[in-house]
Structure formats: C-alpha cells, structure tokens
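Grab your viewer and work through a few short exercises. Try each task yourself before you read its solution.

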Amino acid sequence: MNRRLFLSSVAMLAVTATSPSFARSLSGSLPWAPMASDPPMQVLPGGWQFFTPQEAALVEAIVDRIIPADDLSIGGKEAGCAVYIDRQLTGAFGTSSRLYTQGPFLPALPTQGY
C-alpha cells in the first residue's frame, strides 16, 4: 500500500464517519399527507376549444380507430382522447410556449429543421 492510497482511504473513512445519515425507517404512518400536491384539473367535456366541429369529428374517428372499443373496455372517443388532444392544443403545448422563438438566429442549412 502506498501513501496516496492510504491517505485517500483514511479521508474517505473520515468523511463517511462524520456525515449525518438521512435514512429513517417508516412505520405507523406515511411521511406525507395524501393528496397534498396539486390534484389534476378535471376536464369537463363541453364545446371544442381548438378544433372546429368537422376537425373534432375527424379526431374522434381517428382515436376510435387507434383505440377501438371491445367487450372489455371503451374506445378512444368514450375515454376522452379527442377532448384531451383538443385541450392540449389549446394550452401551452399547442402554443409552443416552451419553444424559444426569439432571435437572433444564424443562417441554417435546409436540413436543420425549422
């Protein structure tokens, strides 16, 4: 054993021996309150917010084709998939609020996308 290996092992032992332990055992009750976070907002079916009635009918047909109803479960339209897509396109995802669109931009190659 050389001096460097000995000093590094002693230093590691000193660090682990003096650091506080954050482990605890849980018994009896949960360490958090159930439903303490923000619950998801309930989506109320109603008028379309993003789609026109013709687009909504098309999206409902698409989600019913992708998620067909059978004897064990409901289809995509009944599950609210079209309403979910409509609300997502109305919100931050549809408006690209997290996409940086301010300049200045350098000239790009045609293969680099928008």
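The exercises below go from the overall fold to single side chains, and the model is a predicted one.

**Exercise 1. Work out which secondary structure pattern the protein chain follows.**

Start by counting elements: there are four helices and zero strands. Read along the sequence, that gives α-α-α-α. Next, look at burial: 10% of the 114 residues are buried. Then turn to the surface, which comes to about 10,500 Å² of accessible area, with carbon and sulfur atoms holding 63% of it. Finally, take the contacts with a separation of 6 or more: 43% of them join residues 24 or more positions apart.

**Exercise 2. Find the residues that make up the largest nonpolar core.**

Five residues do the job: Phe51, Ala56, Val59, Val63 and Ala82. Now ask who contributes what: helix H2, residues 53–66, gives the most, with three residues. Then zoom in on Phe51. Skip its neighbours within four places in sequence, and its contacts are Ala56, Val59, Ala82, Ile85, Asp86 and Leu89.

**Exercise 3. Decide how the buried residues of helix H4 are placed around its axis.**

First list them: in H4 (residues 81–90), the buried ones are Ala82, Val83, Asp86 and Arg87. They span an arc of only 135° around the axis, so they sit on the same side of H4. As for partners, these buried residues pack against H2 and helix H3 (76–79).

**Exercise 4. Track down the salt bridges and say how exposed lysine 77, aspartate 86 and arginine 87 are.**

The structure holds two salt bridges. One pairs the side chains of glutamate 60 and lysine 77, at 3.8 Å from N to O. This pair ties together distant parts of the chain, since glutamate 60 is in helix H2 and lysine 77 in helix H3, 17 residues apart. Lysine 77 has a relative accessible area of 41%, so it is partly exposed.

In the other bridge, the side chains of aspartate 86 and arginine 87 meet at 2.7 Å, N to O. Buried means under 20% relative accessible area. Aspartate 86, at 0%, is therefore buried. Arginine 87 comes in at 17%, so it counts as buried too.

**Exercise 5. Is leucine 58 buried or exposed?**

Locate it first: leucine 58 is in helix H2. The cut-off for exposed is over 50%. With a relative accessible area of 53%, leucine 58 is therefore exposed. Last step, check its surroundings: Leu58 joins Ile62, Ile66 and Ile67 in a nonpolar surface patch of about 380 Å².

Key. Residues are numbered from 1 along each chain as its sequence is written. This is a predicted model: local features need pLDDT of at least 70, side-chain atom pairs count only at pLDDT 80 or more; totals for chains, interfaces and linings use all residues. Side-chain values use heavy atoms; hydrogens and water are left out. Helices (H or I, at least four residues) and strands (E, at least two) are DSSP runs, numbered from the N terminus. Buried means under 20% relative accessible area, exposed over 50%, partly exposed in between (1.4 Å probe, protein chains only). Contact means heavy atoms within 4.5 Å. Accessible areas come from the Shrake-Rupley method with a 1.4 Å probe; for residues, only the protein chains shown count as cover. A nonpolar core is a set of buried Ala, Val, Leu, Ile, Met, Phe, Trp, Tyr and Cys residues joined through side-chain atoms within 4.5 Å. The arc is that of the directions from the helix axis to the C-beta atoms. Patches are made of residues with over 30% relative accessible area and no salt bridge: like charges are joined within 9 Å, nonpolar side chains (Val, Leu, Ile, Met, Phe, Trp, Tyr) within 5 Å. A salt bridge is a side-chain nitrogen of Lys or Arg within 4 Å of a carboxyl oxygen of Asp or Glu.
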